[in-house]
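Hello, and thanks for sharing this one. Below are a few points that may be handy while you have the coordinates open.

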Amino acid sequence: MRDVSDLAQLTRCVGQEIAQSDWVDITQERIALFAQATGDQQWIHVDADRCRRESPFGVPVAHGFLTLALIPSLMANAIRLADARLDVNYGLNKVRFPAPLKVGARVRGSFSLIDLTVIAGGQQLVWKITIEIEGGDKPACVAEAVFRRYD
């Protein structure tokens, strides 16, 4: 866990990888719950038998949006920023899924602060987030995410 105590310290972190989260298991239950919540029941995510027969991956794979949805919990596990009244997800500038995230894999997030801009009432932070697959050659996701923090 990386503690960043104030705005001055956070500003000095621009251009650097700040932290990595702990590893998280990608279980079939997690994938199934996400499929249920979103209504995306495509067989490549939820039908292990069919995946064994027809998928090039041999096993179910997580939804790309499930991978993105892990960002807040991975970040909370990796970085503790100085208190703000409110933190909000402002959006994504770029997202790519270089490798399939197979059931049974473990992932962690690496967080690099690309930019910090002072805005009315707070700051806007742009992060490069890489969701690494344990033992994989390519990450499951590389994203540029924008968050706003209000004092």
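1. A good place to begin is R149. Leaving aside residues up to four places away in sequence, R149 touches L81, A82, D83, A84, L86, D87, G121, G122, Q123 and L125. Please keep in mind throughout that this is a predicted model.

2. Where does R149 sit? Its place is in strand β8, which spans residues 141–150. Is R149 buried or exposed? Its relative accessibility is 7%, and the cut-off for buried is under 20%, so R149 counts as buried.

3. One of those neighbours deserves a second look. The side chain of R149 makes a polar contact with the side chain of D87, at 2.6 Å. If you load the model in a viewer, this side-chain pair is an easy one to display.

4. R149 and D87 turn up again at the largest pocket. That pocket holds about 220 Å³ of space. It is lined by 13 residues, and the closest to its centre are M75, I79, L81, D87 and R149. Two or more lining residues come from each of β4 (79–81), β5 (86–96), β7 (122–133) and β8. Which of the elements gives the largest share of the lining? That is β5, with three residues.

5. For anyone thinking about the chemistry of this lining, the classes are as follows: nine residues are nonpolar, one is polar and three are charged.

6. M75, named above for the pocket, also belongs to a helix. Helix α6 covers residues 71–78, and its buried residues are I71, L74, M75 and A78. Why do they share a side of α6? Around the axis they cover an arc of only 100°, which puts them on the same side of the helix. As a reminder, an α-helix has 3.6 residues a turn, so residues three or four places apart point the same way.

7. Helix α2 (residues 28–38) can be read in a similar spirit. I31, F34 and A35 are buried there. Viewed down the axis of α2, these buried residues fall within an arc of 100°, so they line one face of the helix. What do they pack against? Their partners are α3 (43–46) and α5 (64–69).

8. The other face of α2 completes the picture. Turned away from the buried side, it carries the exposed residues E29, Q36 and A37. Just after α2 comes G39, with a positive phi of about 80°.

Notes:
Residues are numbered from 1 along each chain as its sequence is written. This is a predicted model: local features need pLDDT of at least 70, side-chain atom pairs count only at pLDDT 80 or more; totals for chains, interfaces and linings use all residues. Side-chain values use heavy atoms; hydrogens and water are left out. Buried means under 20% relative accessible area, exposed over 50%, partly exposed in between (1.4 Å probe, protein chains only). Helices (H or I, at least four residues) and strands (E, at least two) are DSSP runs, numbered from the N terminus. The arc is that of the directions from the helix axis to the C-beta atoms. Contact means heavy atoms within 4.5 Å. A polar contact is a pair of N or O atoms within 3.5 Å; within protein, one must be able to donate a hydrogen and the other to accept it, and residues adjacent in sequence count only if both atoms are side-chain atoms. On a 1 Å grid over the protein atoms alone, a cavity is a set of points where a 1.4 Å probe fits but cannot get out, and a pocket is an open set with protein on both sides within 12 Å along at least five of seven lines; lining residues have an atom within 4 Å of a point. Grid points are joined across faces, edges and corners, and a volume is the space filled by probe spheres set on the points. Ala, Val, Leu, Ile, Met, Phe, Trp, Tyr, Cys and Pro count as nonpolar, Asp, Glu, Lys and Arg as charged, and the others, Gly among them, as polar.
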